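Visitor: I'm new to this one and would like some help reading it. Could we go through a few features together?

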Number of protein chains: 2
Amino acid sequence: MVATPAVRIGRDQFHLAWDPAIEPVASVRSGAVVEFDMLDAGGGQITADSTVADLASLDFSRVDQVNGPVAVEGARPGDVLQVDLLDFEPGDWGWTASIPGFGLLADVFEEAALRITSLADRRRAEFLPGIRVPLVPFCGEVGVAPVDGPRSTIPPDLHGGNMDTRHLTAGATLFLPVFAPDARFSMGDGHAAQGDGEVCGTAIETPMRASVRLTIRRDLPITGPEFLTPEGTPAERPVGRRYATDGIGPDVREAARDATRRMIDWLGREHGVVPIDAYLLCSVAVDLRISEIVDVPNFVVTAHCPLSIFD
Amino acid sequence: MVATPAVRIGRDQFHLAWDPAIEPVASVRSGAVVEFDMLDAGGGQITADSTVADLASLDFSRVDQVNGPVAVEGARPGDVLQVDLLDFEPGDWGWTASIPGFGLLADVFEEAALRITSLADRRRAEFLPGIRVPLVPFCGEVGVAPVDGPRSTIPPDLHGGNMDTRHLTAGATLFLPVFAPDARFSMGDGHAAQGDGEVCGTAIETPMRASVRLTIRRDLPITGPEFLTPEGTPAERPVGRRYATDGIGPDVREAARDATRRMIDWLGREHGVVPIDAYLLCSVAVDLRISEIVDVPNFVVTAHCPLSIFD
């Protein structure tokens, strides 16, 4: 850890909804460092020995917990909470699942799938044989108490929450509007690696230790999450060739689905990856970008796969 | 130019619709290099001396012309046309406009705006005082004859066309499904620089000279545009810090609008850029990415602005 924390939030200090009524588990002054020790987004129900059969018995009322809340003394609605993301330390294993009914292609991949990945090599994880994904750890859930509640922890909103934004890595600074007294900051949902989009609905999910600095700002008229990425941009893909597939049409989400389907096709024909594995791989290593969103009525979403992941 | 062209397509050899009925202006064998000399997407109606008043008299029936078509002898429906993008040489000036009724925030920016940019420095263009945008030239329009026609050249589709994809730069290889005999390839809409999304509807529009190699492929089961980016990835932003703003909600296009609006706000408060200029700057230098598209009902689109554009 990079700085002496004012408080440590443990694995058992979590909540299962975003809600301004949830009482803080700790309180810090503006500028303090807080250290978190967090279970994975499955709340510890999935282990390194789990099989796909265990997904069937997953208790969804216990998933996507967030740790906290931490009160930042004196923060008021209308202020902004500056969250300096100091450090992320993933566990030594992670899981990636396609969960029936959830994910961008839930109608295509109806059966459950689970993949366990070793994170013993802290730089890259062998996600599939001969396919190594760079580890860029971050937390999918980072937020303050919303304006009202209780709310599910699945959808993100203007208070942050489940933003699943892979650029919120160590060295980044996140700004969140404050809606409740003392801001009430929480985080969770450790990800060892993820592509822009998180198309199958899970990343490489992992327990995570993290430290953040929480600072009240009164000079920023921010209405939703904004952030500054670090020097060196570790979440940026290594410079190198990418293979890219397009989805084109009047609905941006449908275009994203088409782009992902074509990427899955390419991963199969070019690299011999079976469709369900390709879907999971897209979620952890392929990036969705909006190439154009103005040439009515058809927009272009492009899925970019870095070729550096292939041995 | 990097290779001896088999044919040269001139500025006056253009068409204003995608249509398999349009007769080719030239014919080449598979593997031939074709050189194009193209007017800007305004068809030459806008000059380096134009003012916003000239936008009012723009004849829209003459915009977004594409040069060609070039027949590739023997290409059959079901084949794929491999387009090696060899070289792009923009003109020495370009224009960027907000055209009433067109663009991601057409309802916000109702008045016409025009900005002329010198491209004399071939690496970076000073788009606004103290704000320099890296030049990564490409063509917004790259396509083959579609399955039917005539079709407007504004929306892209599975035959390519107005994809406005900034990664289709020199060194990239594009694959397009063939729908008509001899493929009938055309291109146009020179862009000196653009962000992912092209939010205001125009890039830095410029006359362009380009050369491409056209090769018939019969081993690729491709149903829409796919491409390989070059080694070194010139279209990738320089590694460095980015400021990013989120749009969050159930409609991906609305989320993109919110992310763009927040970026315009940031450009104003942090860099003193007035809203209309910020909107144009987003179109030429800010990238829209889909951060997550699975956490129903709310998705996150993030606008990324590279800080390296600011002096």
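Guide: Let's begin with a charged residue; keep in mind that this is a predicted model. Asp19(B) is buried, yet it has no salt bridge.

Visitor: Which side chain of opposite charge is nearest to Asp19(B), and how far away is it?

Guide: That's Arg184(B), 7.5 Å away. A salt bridge needs the two charged groups within 4 Å, so Asp19(B) and Arg184(B) don't form one.

Visitor: What does the side chain of Asp19(B) reach, then?

Guide: The backbone nitrogen of Ala21(B), at 2.9 Å. As for its place in the chain, Asp19(B) sits in the loop between β2 (14–15) and β3 (26–28) of chain B. Leaving aside residues up to four places away in sequence, Asp19(B) touches Ala145(B), Pro146(B), Gly149(B) and Pro150(B).

Visitor: On to strands. How should I picture the side chains in one?

Guide: In a regular strand, they alternate between the two faces of the sheet. A case to look at here is β15 of chain A, residues 208–217.

Visitor: How many residues of β15(A) are buried?

Guide: Seven of its ten, so the strand is mostly covered. β15(A) pairs with β4(A), residues 32–38, in the antiparallel sense over seven bridges; one of the pairs there is Ala32(A) with Leu214(A). β15(A) also runs antiparallel to β6(A), residues 80–90, and ten bridges join those two. In that pairing, Asp87(A) has Ser211(A) as its bridge partner.

Visitor: And the backbone? What is usual for phi and for peptide bonds?

Guide: Most residues other than glycine have a negative phi, and most peptide bonds are trans. Now for some cases that go the other way. Glu198(A) isn't a glycine, but its phi is positive, about 50°. You'll find Glu198(A) in the loop between β14 (185–191) and β15 of chain A.

Visitor: Is Glu198(A) buried or exposed?

Guide: Glu198(A) counts as buried because its relative accessibility is 1%, and the cut-off for buried is under 20%. Ala183(B) also has a positive phi, near 65°, and lies in the loop between β13 (173–177) and β14 (185–191) of chain B. Ala183(B) counts as buried too, at 0% relative accessibility.

Visitor: Where are the cis peptide bonds in chain B?

Guide: One joins Gly68(B) and Pro69(B), with omega about 0°; Pro69(B) is in strand β5 (residues 66–72). Another joins Val296(B) and Pro297(B), again with omega about 0°. Pro297(B) belongs to the loop between β18 (287–292) and β19 (299–306) of chain B.

Technical notes. Residues numbered from 1 in each chain as written. Chains lettered and ligands numbered in written order. Predicted model: local features only at pLDDT ≥ 70, side-chain atom pairs only at ≥ 80, totals over all residues. Heavy atoms only, no water. Helix = DSSP H or I, 4+ residues; strand = E, 2+ residues; numbered from the N terminus. Buried < 20%, exposed > 50% of the residue type's maximum accessible area, 1.4 Å probe, protein only. Lys, Arg positive; Asp, Glu negative; His and termini not counted. Polar contact = N/O pair within 3.5 Å; in protein donor to acceptor, adjacent residues only side chain to side chain. Contact = heavy atoms within 4.5 Å. Pairing = 2+ DSSP bridges.
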